Amino acid sequence: MTMNQNNTAAPTTLPPGSQWLPIPKALELAEQRRQEGDLAAAETLCRQILRAQPQQSEALHLLGIIAHQVGNFPVAIEFMRQAVALNGSVALFHCNLGELYRLNGMPNEAIASAERALALNPKYPQALNNLGIAHYDREEFEEAIKCYRRA
């Protein structure tokens, strides 16, 4: 799973330490904490962002990644679905939702999500790779090879 989507909104939220930050900075800090392994701090920041801006798709997406990291696939999938529902034009969200579906034994949904990601960004290597893995899981080896080559 990757976190790499820019946000143009600039409302503020109150992160730990009582410092006001623009939401893009708070998201950046949450991602930094996640990468450092401080999932609790990252989750807290995301939830504070959502209190300030309930329709913040990137915070939902990041909560999905965090839930995945702790092995809670149903919650991870739900957060990713919410992120996609709020902002279906982000290939990354579809790509990561598809991988969560695949990891949860849902290859048909994984393929559909990867294809949506590719409809938005036809040269997205991670989506092509995920699509290839999903085809491989369904023993569609020729399709898998085509995806891997495109990736």
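**Elements of the chain.** I counted the secondary structure first and found eight helices and two strands in the protein chain, in a model that is predicted. Reading from the N terminus on, I noted the order of the elements as β-β-α-α-α-α-α-α-α-α. I then looked up burial for the chain, and of its 151 residues 44% count as buried.

**Helix packing around H7.** I took helix H7 (residues 125-137) together with helix H5 (residues 91-103), and their axes come within 10 Å and cross at roughly 20°. H5 and H7 are therefore roughly parallel to each other, since angles under 35 degrees count as such. I recorded the crossing of H5 and H7 as left-handed.

I next set H7 against helix H6 (residues 107-120), where the axes come within 9 Å and the crossing angle is roughly 155°. That angle makes H6 roughly antiparallel to H7, because the cut-off for this class is over 145. The crossing of H6 and H7 is left-handed.

**Salt bridges.** How many salt bridges does a search of the whole structure find? I noted seven, and I went through several of them by residue.

In helix H2 (residues 39-52) I looked at Glu43 and Arg47, which lie four residues apart, about one turn of the helix. Their side chains meet in a salt bridge, with 2.9 Å from N to O. I checked the accessibility of both partners: Glu43 counts as partly exposed at 29%, and Arg47 is partly exposed with a relative accessible area of 37%.

In helix H8 I found a salt bridge between the side chains of Glu143 and Lys146, at 3.4 Å from N to O. Being three residues apart in H8, Glu143 and Lys146 are separated by about one helical turn. Glu143 has a relative accessible area of 34% and is partly exposed, while Lys146, at 48% relative accessibility, also counts as partly exposed.

I also looked up Arg138 and Glu140, whose side chains meet in a salt bridge of 2.8 Å, N to O. Arg138 is partly exposed, with 31% relative accessible area, and Glu140 counts as partly exposed at 26%.

Which residues are linked in a network of salt bridges? I wrote down Glu99, Arg102 and Asp137 as its members.

**The loop between H7 and H8.** I turned to Glu139, whose place is in the loop between H7 and H8. Its phi is near 60°, which I marked as a positive value in a residue other than glycine. Is Glu139 buried or exposed? At 59% relative accessibility, Glu139 counts as exposed, given that the limit for exposed is over 50%.

**A nonpolar patch.** I looked for nonpolar side chains on the surface and noted a patch of about 310 Å², made by Tyr136, Phe141 and Tyr148. Of these, I followed up Tyr148, which has its place in helix H8 (residues 141-150). With a relative accessible area of 33%, Tyr148 is partly exposed.

**Two pairs of positions compared in sequence and space.** I looked up Glu78 in helix H4 (residues 73-86) and found that this residue is partly exposed, with a relative accessible area of 36%. Glu78 and His61 are 17 residues apart in sequence, and I recorded their C-alpha to C-alpha distance as 9.6 Å.

For the second pair I went to Val90, which is found in the loop between H4 and H5. Is Val90 buried or exposed? Val90 has 5% relative accessibility and so counts as buried, the limit being under 20%. From Val90 I took the distance to Ser57, 33 residues away along the chain, and their C-alpha atoms are separated by 9.6 Å.

Definitions and conventions:
Residues are numbered from 1 along each chain as its sequence is written. This is a predicted model: local features need pLDDT of at least 70, side-chain atom pairs count only at pLDDT 80 or more; totals for chains, interfaces and linings use all residues. Side-chain values use heavy atoms; hydrogens and water are left out. Patches are made of residues with over 30% relative accessible area and no salt bridge: like charges are joined within 9 Å, nonpolar side chains (Val, Leu, Ile, Met, Phe, Trp, Tyr) within 5 Å. Accessible areas come from the Shrake-Rupley method with a 1.4 Å probe; for residues, only the protein chains shown count as cover. A salt bridge is a side-chain nitrogen of Lys or Arg within 4 Å of a carboxyl oxygen of Asp or Glu. Buried means under 20% relative accessible area, exposed over 50%, partly exposed in between (1.4 Å probe, protein chains only). Axes are lines fitted to C-alpha atoms, for helices over the stretch in contact, and angles run from 0 to 180 degrees between N-to-C directions. Angles under 35 degrees count as roughly parallel, over 145 as roughly antiparallel, 65 to 115 as roughly perpendicular and the rest as oblique. A crossing is left-handed if the near helix is turned anticlockwise from the far one by less than a right angle, and right-handed if clockwise.
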